[in-house]
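Student: Got a minute to walk through this one with me? I'd like to go through the ligand site, the helix packing and a few odd residues.

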Amino acid sequence: MQNGTQRRFAGKTAVVTGAGTGLGRAMALAFAREGADVCVVGRRQEKLDETVALVEKEGGKAFALSADVRDAARVQAVMAEVVTRTGRIDVLVNNAAGNFVCPSEELSPNGFKSVVDIVLLGTFYCTRYAFDALKANKGSILNIIAAYAWSGEPGAIHSASAKAGVLAMTRTLAAEWGRFGIRANCISPGPFHSEGTDKNLWLSPDVDAHVASTVPLGRLGEPSDIARAALWLSSEEASWVSGATLAVDGAQWLHGGTLNFREMYDKVRASMSGST
Ligand code: COA
């Protein structure tokens, strides 16, 4: 490959969920640049095909398997097919997520359930059905959470609850599957732009100025900032790192506080209704 200076994943297979867009796509490209054969998983075949085309354009290897991570039987079939096609799974990145901003007192039970099903149950299904292959290769699980897993997040009770569950799941697996040589870690990304975050989270037009002012390093992140950390945490260089959460956020969680989606939501709603 032209772009990678290292090939830490040559001969390895990485599965990245939610890889049709945004951060998942950036991570799929990053793993492929370092030699991995990448299985990109997501709901929309055309988006997955775009990711595969981007990888192949750079000379990398990838293939797409469509799945809704809420469908346990389909997830099981996908993991089996990855092993049939490549013989292994070395890295599983549970990145697929659902999120939107909604005041807790207005959120319907099904709205809460949809996000928990994707984020919490979906992460478990993927992890559960990748287990045999991860065990065989002393593999690595990387779960994408958010700092609001521990701070809470006004306006995203569904996502905060689910991410807190994923954090507990990660720590549980680090302890329980360490005996098999499997590592489990989290990355907690700070605020960044992507197709998903722009559509679902950053509701206000002045979001950049507002959010950047909460980040000590003074800017929103890029998917590539997070992808570089994902490579390291999933590589042999981090072979004694397990049960950890790496904040990749310009120190936002320490000194910027909660993102407070609710505040932005209320402001946008007030401006739309003409009230102050
Ligand atoms: N505000 C309040 N409720 C919402 C909502 C919003 N913006 N968007 C969806 N919901 C509710 C729906 O009303 C529905 O509840 P109901 O049956 O009580 O009416 C429930 O959530 C499920 O919505 P639906 O669109 O049928 O779910 P889905 O399974 O097709 O989609 C979502 C799941 C809602 C998470 C959707 O946003 C999604 O697919 N997101 C994937 C991408 C994404 O969010 N990425 C994260 C980027 S930060």
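**Ligand, helices and a few loops**

Student: Where is glycine 178 found?

Tutor: Keep in mind that this is a predicted model. Glycine 178 sits in the loop between helix H6 (157-176) and strand E6 (183-189).

Student: Is glycine 178 buried or exposed?

Tutor: In between. Glycine 178 counts as partly exposed because it has 13 C-beta neighbours inside 10 Å, and the cut-off for buried is 20 or more.

Student: And how far apart in space are glycine 178 and glycine 243?

Tutor: C-alpha to C-alpha, they are 9.5 Å apart, with their positions 65 residues apart in sequence.

Student: Okay, ligand next. How many residues surround the ligand, and which are the closest?

Tutor: There are 14 residues around the ligand, and the closest are Gly98, Ser108, Asn110, Gly111 and Gly196.

Student: Which helices supply at least two residues of that shell?

Tutor: Helix H4 (109-136) and helix H7 (195-200) each do. The largest share, four residues, comes from H4.

Student: How do the shell residues divide into nonpolar, polar and charged?

Tutor: Nine are polar and five are nonpolar, with no charged residues around the ligand.

Student: Since H4 came up, at what angle do H4 and H6 pack?

Tutor: About 15°, with the two axes 8 Å apart. That angle makes H4 roughly parallel to H6, since anything under 35 degrees counts as roughly parallel. The crossing of H4 past H6 is right-handed.

Student: Which residues make the contact?

Tutor: On the H4 side, they include Gly111, Phe112, Val115, Val116 and Val119. On the H6 side, they include His158, Ser159, Ala162, Lys163 and Met169. By class, the contact of H4 with H6 has ten nonpolar, seven polar and one charged. Gly111 of H4 is also one of the closest residues to the ligand.

Student: What about H3 and H4, how do they pack?

Tutor: Helix H3 (residues 72-86) packs on H4 at an angle of about 30°, and the axes are 9 Å apart. H3 and H4 are therefore roughly parallel to each other. H3 passes H4 in a right-handed crossing.

Student: Which residues in H3 meet which in H4?

Tutor: From H3 you have Ala72, Val75, Gln76, Met79 and Val83, and they meet Tyr125, Cys126, Tyr129, Ala130 and Ala133 in H4. That contact of H3 with H4 divides into nine nonpolar residues, one polar and no charged.

Student: Changing helices: are H1 and H9 parallel or oblique to each other?

Tutor: Helix H1 (residues 22-33) and helix H9 (residues 223-234) pack at about 50°, with their axes 9 Å apart. H1 and H9 are therefore oblique to each other. Their crossing is right-handed. Among the residues in the contact are Leu23, Met27 and Phe31 of H1, along with Ile226, Arg228 and Leu231 of H9. The contact of H1 with H9 has ten nonpolar, two polar and one charged residues.

Student: Staying in H9, is alanine 229 buried or exposed?

Tutor: Alanine 229, found in helix H9, is buried because 20 other C-beta atoms lie within 10 Å. Leaving aside its neighbours within four places in sequence, alanine 229 is in contact with Ile187, Leu246 and Val248. Alanine 229 and aspartate 249 are 11 Å apart in space, C-alpha to C-alpha, and 20 residues apart in sequence.

Student: Now the backbone. What is phi of alanine 251?

Tutor: Near 70°, a positive value in a residue other than glycine. Most residues other than glycine have a negative phi. Alanine 251 lies in the loop between strand E7 (245-248) and helix H10 (252-255). With 13 other C-beta atoms within 10 Å, alanine 251 is partly exposed.

Student: And asparagine 260, where does that lie?

Tutor: In the loop between H10 and helix H11 (261-273). Asparagine 260 has a positive phi of about 50° although it is not a glycine. It counts as partly exposed, with 18 C-beta neighbours inside 10 Å.

Student: Last one: where is glutamate 58 found?

Tutor: In the loop between helix H2 (45-57) and strand E3 (61-66). Glutamate 58 is partly exposed, as 14 other C-beta atoms lie within 10 Å. Glutamate 58 and alanine 209 are 34 Å apart in space, C-alpha to C-alpha, and 151 residues apart in sequence.

Terms used:
Residues are numbered from 1 along each chain as its sequence is written. This is a predicted model: local features need pLDDT of at least 70, side-chain atom pairs count only at pLDDT 80 or more; totals for chains, interfaces and linings use all residues. A residue is near a molecule or strand if its C-beta atom, placed from the backbone, lies within 6 Å of it. Ala, Val, Leu, Ile, Met, Phe, Trp, Tyr, Cys and Pro count as nonpolar, Asp, Glu, Lys and Arg as charged, and the others, Gly among them, as polar. A residue is buried if 20 or more other C-beta atoms lie within 10 Å of its own, exposed if 12 or fewer, and partly exposed in between; C-beta atoms are placed from the backbone. Axes are lines fitted to C-alpha atoms, for helices over the stretch in contact, and angles run from 0 to 180 degrees between N-to-C directions. Angles under 35 degrees count as roughly parallel, over 145 as roughly antiparallel, 65 to 115 as roughly perpendicular and the rest as oblique. A crossing is left-handed if the near helix is turned anticlockwise from the far one by less than a right angle, and right-handed if clockwise. Two residues are in contact if their C-beta atoms, placed from the backbone, lie within 7 Å.
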